[in-house]
Amino acid sequence: MGHPVQYLLYLSGMHITGQHMIALFLTFFSATPPEVYEALADFGYKSFRPGQELAIMRILSGLSTLVVLSTGMGKSLCYQLPAYLYAKRSKSIALVVSPLVSLMDDQVSGLPPKIKAACIHSNMTKNQREAAIEKVKEGKVHVLLLSPEALVGGGHAGSGCLPPADQLPPVSFACIDEAHCVSEWSHNFRPCYLRLCKVLRDRLGVRCLLGLTATATLATARDIAHHLEIQDEDGIAVRSAAVPPNLHLSVSMDKEKDQALVGLLKGDRFGSLDSIIVYCTRREETNRIAALLRTCMQGSRLGGCQEWIAESYHAGMSASQRRRVQNNFMCGELRVVVATVAFGMGLDKSDVRGIIHYNMPKSFESYVQEIGRAGRDGKSAHCHLFLDPEVELESSINLACMSLVCYPSMLKEDNLCELRRHIYGDTVDYFTVKKLVQKLFPPCKCRQINEKQQAEEEQNCNETQNVTRVCHTHERAVPIQETVEAHDITEEGIETILCYLELHPQHWVELLHPTLSSCHLVCYSGPQQLRAIAKICPPVAVALARKRLAGESLSHSSSVTFDVVELADSMGWELIPVKRTLRQLQWKTERGTGKSGVLVEFSSLSFHFRSYGDLTHQEMDSICEFLHQRIQAQEKTQLYQLKACFKAFFSVAYHNSTSCSDKMDDDRSQKLKALLMNYFDKKAELDLSKNSSNCDVILQLKDWGDQIRADIRSFLSTRNEEKFSGRAIARIFHGIGSPCYPALIYGKDRRFWRKYINFDFNEIIRIATEEIIRTK
Ligand SMILES: Nc1ncnc2c1ncn2[C@@H]1O[C@H](COP(=O)(O)OP(=O)(O)OP(=O)(O)O)[C@@H](O)[C@H]1O
């Protein structure tokens, strides 16, 4: 297939070629060709919505583009129409990467009938996936929807599912839905998204990328544009107002939120609305609130003809339970869904009339995305947010500071603290980074070998060469579960670090598909059989030789376990043929007939990558420094966003919701919209340094230092057989579970769990570290 711009030129009957003409062409001959309007009509639409035409024309011209449009404004057409036009002209597919795996099948069936689509994701069986790939190969598909994991591999989803590019029809362009996940500065960063663009370019030769998102600040949009390699400013094609005009926003700071919620739902504003979503941060809370509403709303006047008043929805429920709630809500039989943010992603219900936030969302981006699920039909809709009254908390601090008898756990826990916990739960300290870096870059022998060779060469020709990097990287595997437990860091945290290293200008690592790295080989006929197969199978011979070199005697052994990735690397073989050769040992013949009495098992899902083994101490230190700074910057940004969010909501909040349950003051709604607009455009920085006492109420430790130290000592003495880092203790005192210190176990000891949630996290780390050193 020719360069995509040729399609546009072809449509317009012109014959210009060459990259440099694209810009000229778009400037002077940008009238949309009739074929594009015809295709629009084929889709059943009369005209374009704002932004669609520009984005579609850019994609048809082969120019990577980012579209930032509020939910429901019609982003999907921006990939559907070009995919259709490209495929109409010649056999080609458009790839659409979407994180909404559970909704992918619905997305495919919901596409306009003109578009032939298929999807591939990790929830499908192997047969289903193969059938979809067959259809693609046969050219029966215009649009292929993929989960990010299906494309790049990663996590437990296994490796990427697509065949190599030469077995696929030409890819006209690739669309990345929810493109903000590409940016680590976004509210919903997903490590495997960072690798998407690279895989699309390197493995599939895609040159034109389309990013779609409903929420991105200007800074995030620029970061996404950078990843999509959008060269020109116009590439960020459309940025709409953050909040659609038909949404009416209000905020209140009620002391009794449960009563206030019931009152709000009975008031004039929400009382007559049919479909409402109430968002809560915690799963347990969704169940409690749904039950509360069922009890308190019984018999009260309801909007439509619903049979059920309220049901909860969260990721902890079974798939069938969730589907039932979603279906009932979609068809209008269920009035209120009380949910965590798991509900609503990709929900195509245009007449949701109300969104209530029982807790503050973690960022403006989340807020805008969540309220954007209301009023997609353009008709008026209402949104209300309950903000916990931190000012109350502040007065308790003043009391505490005046050394009145007050115990920290008596202080009211607030939204901000709750949300801060999630941020601290994700961060990793310098020590952990260092241990991880050592694991990712174990020393190799390349330098010694090279020096020996050089010495010989020098003797021969007396010439010195200044070699700085002698290692050309090694293939390595780091078992996921083992590393998670050893370093008390989440799988996602490790993946993020690996992505940072891959995207660093020095490309410290190259990520490969996750793989099972441990090979266990058992010979049922005893040690002689093991020795015999070593003679015919080089990988087994090398595995045994390596064991012997490491001082292990295997002469009486009939089984052996080894790291197959390390083995393949040491042999200079590719991993796949090594695994194939080993598997083959289970059969008598090459064609796999008759068992040989050898068992070969692969286990331990591992991160798989190439990395250097000859890094100097300085290089290792600078990598640690780089990673640590990135992680800290990320933490700071998130804390900043949280404060910015609180401050803005606080500035428009009513004292209690009765002031806005029947009627509301549109000025406050407009003010909040303006603040959101400013935030997304970053025209005005929300200055947090000024007047921060209004919202920043983390307790200083000076008045509580002794008490906290005493508690840390008491905690350590009750668990003197376990090892803790300062961060581990701070997490427990903040009630943050981690892989090694899960909430399920540590949360049971109420003397410590969450006790100091209102105190500065980093300060607790500092004191705890001091106490740990003292008790050693
Ligand atoms: N040009 C158009 N004219 C009329 N209706 C349109 C047009 N483009 C899209 N729509 C309709 O608008 C609705 C929302 O479109 P779409 O689902 O693409 O929105 P979106 O921006 O992708 O939303 P989300 O962010 O929630 O995914 C759909 O019902 C679609 O049919």
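Which residue stands opposite S518 in strand 16? This tour reaches the answer after a stop at the ligand.

The model is predicted, so to speak of a local feature a pLDDT of at least 70 is needed, side-chain atom pairs count only at pLDDT 80 or more, and totals for chains, interfaces and linings use all residues. Residues are numbered from 1 along each chain as its sequence is written, and side-chain values use heavy atoms, with hydrogens and water left out.

**The ligand**

Select the ligand and the 13 residues around it, each with a heavy atom within 4 Å of it. Y45, G72, K75, S76 and R376 come nearest. The shell holds three nonpolar, seven polar and three charged residues; here Ala, Val, Leu, Ile, Met, Phe, Trp, Tyr, Cys and Pro count as nonpolar, Asp, Glu, Lys and Arg as charged, and the others, Gly among them, as polar.

Next, show the N and O atoms. A polar side-chain atom of S76 is 2.7 Å from a ligand oxygen. A backbone N or O atom of G74 lies 3.1 Å from an oxygen atom of the ligand, and one of S47 lies 2.9 Å from a ligand nitrogen. The protein buries 72% of the 640 Å² that the ligand exposes when taken alone (Shrake-Rupley method, 1.4 Å probe).

**The strands**

Now select strand 15, residues 509-523. Strands are DSSP runs of E, at least two residues long, numbered from the N terminus, and two strands pair if DSSP finds at least two bridges between them. Strand 15 runs antiparallel to strand 17 (residues 598-611), with 12 bridges joining them. In this pair, L516 stands opposite L605.

Add strand 16, residues 559-563. Five bridges join strand 16 to strand 15, again antiparallel. Here S518 stands opposite D563.

Conventions. Polar contact = N/O pair within 3.5 Å; in protein donor to acceptor, adjacent residues only side chain to side chain. Helix = DSSP H or I, 4+ residues; strand = E, 2+ residues; numbered from the N terminus.
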